[in-house]
Amino acid sequence: RVSVAHYDEVLSSALSELQAYCKEREWLCEIRTFVRTWTSVDCYKGKQAPQIQEVLEKLQHWSKHVDSMITESDTTNNLLHISCSALFSALQPSLGEIYDTLVKMVQTEFETRGAALIEETQTKHQMLKAQQAEVSSFAEYAKTLNSVKQNTSELLAEKKYIKSLYGILQQLKINNPLMSEIDKRLELQWELYLMVLQDGEQFINKEAPTMLQGLDEQIKTLEIEAELILRKISQPESDYCNPNTDYDEIVPLVEDAKKKISDLKDTMTLYSEWKFSITSSYHNLQKMQALQSKVEARHDVWATLKMVCGTVQSWKDTEFSKFDTMVASEKIQAWAQTADYLRGILPEKDRILTKLDIRIDNVSKFL
């Protein structure tokens, strides 16, 4: 009779072999975890080429390892039959599918991003070919050139990334006419892009002094025109500064002066933006702003005087029972604030402002 100890020994031997078998194949756990946690190839889009290459090589290694794996085995004493067929059937197709999907992603990314970069550099190439010597077009060209130059490092990084994807495909010996064409066109278009960029810089450097001289002359002309407008409406003996002038007649004139200097300021602002496009430095607008402020103050003092006189007259024509003292007080306070503001801009003892102060003071006493 076979003793129980013998059966224990046989079973123990078989279990030891099973444990050794599993120990030798622990590497399958990493593969199974990778396969089970795989969701989408999207997480590898934009990854650096070495990272993608590492995953592809790992997949190839795993696939070969699984392929060479003995899936069926018996223990030495034939007590246990060990089978990994189910695991093999699950892993091998998945590894192949993931590998093919990742390779396809690399190829698609190369073709898509390569075509997009070719198109973008072609567009910028056409933009920079349009060199014009008229000042507004020149300023716009300079602005475009600066924008393109700032974007060049980003485009170069994209080009290098696309080339790295192509390098992966070449290592895998994957190529087709479309891929080759994209690679060739990308190199050619990049060279053309750099050439037109250099030509553009040379064009700007050559023409900028002339353009800036003309622009400065135009700005000076605008300042002179603004000074003439201010001088015209600031002459002490003129109707603009005569408190006896009919405000119904003068207000349209100061409105016209205000509009003219506003238009001059807008034009100068445009010229300043052109100058910034060429030199990265704006023209100082403080002088024009000061001129505009004084012209607007002359307009505002007349407009406020007209408003005060008209409003006071309407109050006089209002029945006492319908007169709202609170509303009137708020209006008087607003007029006084306007006068205080204009006092900081108009000349000292300005006669129109003095008349406005008197009118406000008189109506204040009336309330």
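Begin by selecting helix 8 (286–316) and helix 9 (325–343), which are among the elements that cover the buried residues of helix 10. The model on display is a predicted one, and the tour proceeds from this helix to the cysteines, the aromatic rings and one buried glutamine.

**Helix 10**

Select residues 351–366 next, the 16 residues of helix 10. At 1.5 Å a residue this helix should span 22 Å, and its end C-alpha atoms are 23 Å apart, which agrees. Now display the side chains of I352, L353, L356, I360 and V363, the buried residues of helix 10. These residues cover an arc of only 100° around the axis, and therefore lie on the same side of helix 10.

Move to the N-terminal end of helix 10, which is capped by D350. A side-chain oxygen of D350 lies 3.2 Å from the backbone nitrogen of I352, and I352 also belongs to the buried set just displayed.

**Cysteines**

Select C43 and C309. C43 is partly exposed, at a relative accessible area of 45%, whereas C309 is buried, at 12%. How many disulfides are there to display? The count comes to 0.

**Aromatic rings**

Turn to the aromatic side chains; the whole structure contains 10 aromatic pairs. One of them joins W38 and Y44, whose rings are stacked at 5.8 Å centre to centre, with 20° between the planes. W38 has a relative accessibility of 21% and counts as partly exposed because the limit for a buried residue is under 20%. Its partner Y44, with a relative accessible area of 15%, is buried.

A further stacked pair is found by selecting F276 and Y282: the ring centres are 4.2 Å apart and the planes form an angle of 10°. Here F276 is partly exposed, with a relative accessible area of 34%.

Return to W38 and Y44 and add F34 and W62 to the selection; these four residues form one aromatic cluster.

**Q53**

For the last stop, select Q53, located in helix 3 (residues 49–67). Is this residue buried or exposed? Q53 counts as buried, at 12% relative accessibility. Leaving aside residues up to four places away in sequence, Q53 touches I168 and Q171. Display the side chain of Q171 as well: the side chains of Q53 and Q171 make a polar contact of 3.2 Å.

Notes
Residues numbered from 1 in each chain as written. Predicted model: local features only at pLDDT ≥ 70, side-chain atom pairs only at ≥ 80, totals over all residues. Heavy atoms only, no water. Helix = DSSP H or I, 4+ residues; strand = E, 2+ residues; numbered from the N terminus. Expected span 1.5 Å × (residues − 1). Buried < 20%, exposed > 50% of the residue type's maximum accessible area, 1.4 Å probe, protein only. Arc of directions from axis to C-beta. Contact = heavy atoms within 4.5 Å. Polar contact = N/O pair within 3.5 Å; in protein donor to acceptor, adjacent residues only side chain to side chain. Disulfide = S-S within 2.5 Å. Phe/Tyr/Trp six-rings, centres within 6.5 Å; stacked < 30°, edge-to-face > 60°.
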